[in-house]
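Grab a coffee and work through these exercises with the structure open beside you. Each one sets a task, then walks through a solution.

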Amino acid sequence: MSDPMDVLAPEHRRLRIGDSWRDAASGATFAVEDPATGTTVAEVADAGVADGLAALDAASRAAAQWAATPPRKRSELLTATYRALTDRSEEVARLITLEMGKPLAEARAEVAYGAEFFRWFAEEAVRVEGRYSTAPAGGYRILTVPKPVGPCVFVTPWNFPLAMGARKIAPALAAGCTTVTKPAAQTPLTMLLLARIMEEVGVPAGVVNVVTTRRAGEVVSALLADTRTRKVSFTGSTEVGRVLLRQAADNVLRTSMELGGNAALIVCADADLDVALRGALVAKMRNIGESCIAANRIYVEEPVREEFTKRFTERMGALVVGRGFDDGVDVGALIDGPSVAKLDDLVADAVGRGARVLVGGVRPDGPGHFYPPTVLVDVPDDARMLREEIFGPVAPIIGFTSDDEVMAKANDTEHGLVGYVFTRDLQRALRFAEGLQTGMIGVNRGLISDPSAPFGGVKQSGIGKEGSHEGILEYLDVTYAAIDLP
C-alpha cells in the first residue's frame, strides 16, 4: 500500500499564496496527526498574521482580473477541477482518511460529493443574469447587474476536509470572487492538495490562496478587520460563528454561516421500519457521526419503539470499528482525544441521570481516538446529550405518544439545521415539514446533502445557503441603474 502522503510533495505542504508555495514568515510549522494511530504524518507551515495578510494581498491583486474573466472560462476551469478530482479520487480519498480518520469508503464518497460542487457551479457560472425592465410608472428603465462581492475569507472544518472547502470555493469562483481559505488545523493536507490540483488545471495565481495555521483566532481576526475582505463564510460551531459575526459587523461584511445542529429524527408508528432503520443509521453514523446534520436525538412513537430500538441496537452493535484503511471497517477514528472525552462525558451524564446503555458506551483500549457505536434509552429530558451537539457515534432513543409532543421537543433547541421524519402518511409528513423549525428536512430519507439543493439552517444554526442556485447568489452583489428613457 503506497503512502497517502506521496500525493502531496513537501514543497506543497506550505502556504499557497499568489503564485508561490512558501514557508510561514516565522518559519514555524505544526504537526498533522493520523487520528487512528496518534502518529505525526506531516509538518505544515504555521501561518501568522503577516502570512494571512499576504494571502489577502494576493487575492486582492487578482480580484479585478478574475471578475473580468469570461464566465465560460471560469466554468471551464471549474469543470477541469471536477474532472481532476474525479480522476484522482483514490489518492485524494486516501489523504482524507489519513488525516481525518473516516473509513476509506466514506472518504471516496466525500471526494465524489465535493467534486460535484465544482461541476454544479461550473454550470451556474454561465447563468448569472440581471434584468432590464420598464419602471411601473414609466419614464425610465430599471437595469440590474450582478457583480462579484470581492475577496472572500473561508474558514472550513475538519470533518469534511475536501467537501466543505469545495462548497465555498466553487460558487465563489463561479461568481468571479477570489478566495483565502483557512482550513482546520487537524486536516490541512486535503485543502493543500485541492489548491495544488487547481493550480495544475490552470486557475490563475491569487484566485485560490490557502493559509494553514494553529493560530486561527488572530489570523482570521486580522483578515476580517482588513477592509479589502468583503465576505466571510464559516462552517463550524455556533460558538465560533457568533464570534465571527461580531467581528464581521465592524466592516459590515457579507456572511454565510453554517453552524451547529441538534437534529431530531422522528420515527412514526406508521413508518416503514426497514426504511426508517436504514435512514436512521445513515443519519446517525455517516462520517462516524461527526456531522452537523447527524441525528442527535431519535424520537420513536411508542407502538414501535421497542421493535425499532431492538433492531437499531443490533445494527449499531454489528458495525466494525477500526482504522479507516482496513478492509471491512464501518467506523473510523474520531478526530482527536477531546472528541472522545466529550462522548465519555455525555454518556456518563446521561447514565447518571437514569439512562441505560444498550450497546457500546466504553472506549476501547489501545492507540487512536476510537469510540464504539453506542445506543442509550430512558434518556431524561435534562440529559446534556439532548441539548448539546454529540458529534460522534452515540444515539439516544426517546419515546413519544403524540405529534404535538414530539414537535415541541424537536423544536426546543436554539439550533435549527435539519430534522428527519419517517412516516407513510403524506399529510403527517407535510405537517412535520411545515412545523419543524429547521432549514432542511429529510422525509423518509437519512441523507439529504446534495450540491443541487440549498444547504443551510435557521435560528442559531446559520445564515445563508450553500449549494443550489441560491449558493452562487451568496457571492454576488446587485447594482441597480435607473436609466432615463422618456
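## Exercise 1: a salt bridge within one helix

Glu116 has a relative accessible area of 25%, so it counts as partly exposed. Keep in mind throughout that this is a predicted model.

**Task.** Work out which residue Glu116 pairs with in a salt bridge, and where the two partners lie.

**Solution.**
- Step 1: look for a basic partner. Arg119 forms the salt bridge with Glu116, and their closest N and O atoms are 2.6 Å apart.
- Step 2: place the two residues. Both sit in helix α4 (residues 104-125), 3 residues apart, or about one turn of the helix.
- Step 3: recall the helix geometry. An α-helix has 3.6 residues a turn, so residues three or four places apart point the same way.
- Step 4: check the partner's accessibility. Arg119 comes out at 35% relative accessibility, so it is partly exposed too.

## Exercise 2: salt bridges elsewhere

**Task.** Find the partner of Arg228 and say how far apart the two are in sequence.

**Solution.**
- Step 1: the total first. The structure holds 34 salt bridges.
- Step 2: pick out the pair. Arg228 bridges to Asp57, with 2.4 Å between the closest N and O atoms.
- Step 3: locate both ends. Arg228 is in the loop between α7 and β10, while Asp57 belongs to helix α1, so this pair links distant parts of the chain, 171 residues apart.
- Step 4: check accessibility. Arg228 has 32% relative accessibility and counts as partly exposed; Asp57, at 28%, also counts as partly exposed.

**Task.** Are Arg353 and Asp349 buried or partly exposed?

**Solution.**
- Step 1: confirm the contact. Their side chains meet in a salt bridge, 2.9 Å from N to O.
- Step 2: classify each one. Arg353 has a relative accessible area of 41% and is partly exposed. Asp349 has 14%, which makes it buried, since the cut-off is under 20%.
- Step 3: now look for a network. Salt bridges with shared partners join Arg16, Arg88, Glu91, Arg196, Glu199 and Glu200 into one.

## Exercise 3: rings and charges

**Task.** Decide how the rings of Phe154 and Tyr475 are arranged.

**Solution.**
- Step 1: count. There are 4 aromatic pairs.
- Step 2: use the geometry. The ring centres of Phe154 and Tyr475 are 6.0 Å apart and the planes stand at 90°, so the pair is edge-to-face.
- Step 3: see what the pair connects. Phe154 is in strand β7 (residues 152-155) and Tyr475 is in the loop between α14 (468-473) and β20 (476-484), 321 residues apart.
- Step 4: check burial. Phe154 and Tyr475 are both buried.
- Step 5: look above the Tyr475 ring. The charged end of Lys231 sits over it, 4.8 Å from its centre.

**Task.** Do the same for Trp158 and Phe391.

**Solution.**
- Step 1: this aromatic pair is edge-to-face, at 5.6 Å centre to centre with 85° between the planes.
- Step 2: Trp158 is in the loop between β7 and α5 (163-175), and Phe391 in the loop between β15 (374-377) and β16 (394-400), so the pair ties together parts 233 residues apart in sequence.
- Step 3: Trp158 has 14% relative accessibility, so it counts as buried.

## Exercise 4: what packs around α7 and Val394

**Task.** Which residues of α7 are buried, and what covers them?

**Solution.**
- Step 1: in α7 (residues 216-225), the buried ones include Val219, Val220, Ala222, Leu223 and Leu224.
- Step 2: their cover includes α1 (49-68), β7, β8 (179-182), β10 (231-235) and α8 (238-250).

**Task.** Describe the surroundings of Val394.

**Solution.**
- Step 1: Val394 lies in strand β16, and its relative accessible area of 2% makes it buried.
- Step 2: leaving aside neighbours within four places in sequence, its contacts are Lys284, Leu343, Val347, Tyr371, Thr374, Leu376 and Met385.

## Exercise 5: stepping back

**Task.** Judge how compact the protein chain is.

**Solution.**
- Step 1: the chain has 14 helices and 20 strands.
- Step 2: its radius of gyration is 23 Å, close to the 23 Å the globule rule gives for 486 residues, so the chain is as compact as a globular protein of that length.
- Step 3: buried residues make up 57% of the 486.
- Step 4: of the contacts between residues at least 6 apart in sequence, 73% join residues at least 24 apart.

Terms used
Residues are numbered from 1 along each chain as its sequence is written. This is a predicted model: local features need pLDDT of at least 70, side-chain atom pairs count only at pLDDT 80 or more; totals for chains, interfaces and linings use all residues. Side-chain values use heavy atoms; hydrogens and water are left out. Rings of Phe, Tyr and Trp (its six-membered ring) pair if their centres lie within 6.5 Å; planes under 30 degrees apart count as stacked, over 60 as edge-to-face and the rest as tilted. Helices (H or I, at least four residues) and strands (E, at least two) are DSSP runs, numbered from the N terminus. Buried means under 20% relative accessible area, exposed over 50%, partly exposed in between (1.4 Å probe, protein chains only). A charge sits over a ring if NZ of Lys or CZ of Arg is within 6 Å of the ring centre and within 35 degrees of the ring normal. The radius of gyration is taken over C-alpha atoms; the globule rule is 2.2 Å times the number of residues to the power 0.38. Contact means heavy atoms within 4.5 Å. A salt bridge is a side-chain nitrogen of Lys or Arg within 4 Å of a carboxyl oxygen of Asp or Glu.
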